[in-house]
Amino acid sequence: MRIFPILMGLVLSFAALANSEVQTTDDLAINKTYDLFSEAFDKLNATLIGEAYTESACYIPERHDKEIIRGRDAIVSVYEKFFGKIRSKNARIEVDFRVIDRSRAGDSVTDVGYYLIRFHPASDTGEPVSEYAGKFVTVSRKQADGNWLLSIDSSNRSEPKFYYQTQPVGELYFGQRFNSPDMAKKP
């Protein structure tokens, strides 16, 4: 009679281990979205941004005077305009993310976190590098091919200090592209 509880415990342990491995694999796949955004910003390439979204994705911009943008092509168009403005100034831009929470429901994952953008003006302007930060909420959906794509993306502004104060959480994406300004001042 004692063998049944032991066997059941082993079965449940193996199931939990298998689920944990799938979750870790999914976390790594979802985290690739943030690397893709960073690459797109580095290259000012809106086509790369499009690779992160489902065909029917919704993007909720931070500005109160802008409507919700629906569809991958419309989202890519917004980034093309944005990147075009950066190019026209002969500037460059970087972005990084730090996820603080990830909630799962089947093949859907909601991420909550902070982002930081650094704007590098053209060197001949003499202007300093500037930073912009914000909070974001995204919903990713697992596709039939196993990839995770954004179906909902929203953001609003925040102080850069919140990005810098964030601590890593498990396997969640934690960008380390930007050091805290306080760290840069230390010898």
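Here a colleague asks a modeller about the terms used for this predicted model.

Modeller: Local features need pLDDT of at least 70 and side-chain atom pairs 80 or more, while totals for chains, interfaces and linings use all residues. Residues are numbered from 1 along each chain as its sequence is written, and side-chain values use heavy atoms, leaving out hydrogens and water.

Colleague: Why is I152 called partly exposed?

Modeller: Its relative accessible area is 32%. Buried means under 20% and exposed over 50%, with partly exposed in between (1.4 Å probe, protein chains only), so I152 at 32% is partly exposed.

Colleague: What makes I60, I68 and I152 a patch?

Modeller: Patch residues have over 30% relative accessible area and no salt bridge (a side-chain nitrogen of Lys or Arg within 4 Å of a carboxyl oxygen of Asp or Glu), and nonpolar side chains are joined within 5 Å. Together these three isoleucines offer about 220 Å² of accessible area.

Colleague: How do you know that β1 pairs with β6?

Modeller: Pairing takes at least two bridges found by DSSP; β1 and β6 have 4 and run parallel, so they pair. C58 stands opposite I152 there. With β2, β1 has 2 bridges, running antiparallel, and R70 is the partner of C58 in β2.

Colleague: Which residues touch the most other members of the largest nonpolar core?

Modeller: F37, F41, I49, Y53, Y79 and F97, out of 31 residues. Such a core joins buried Ala, Val, Leu, Ile, Met, Phe, Trp, Tyr and Cys residues through side-chain atoms within 4.5 Å. A second, separate core has 6 residues, including Y114 and F178.

Key
Patch = residues over 30% accessible without salt bridge, like charges linked within 9 Å, V, L, I, M, F, W, Y side chains within 5 Å. Areas by Shrake-Rupley, 256 points an atom, 1.4 Å probe, with all protein chains shown as cover.
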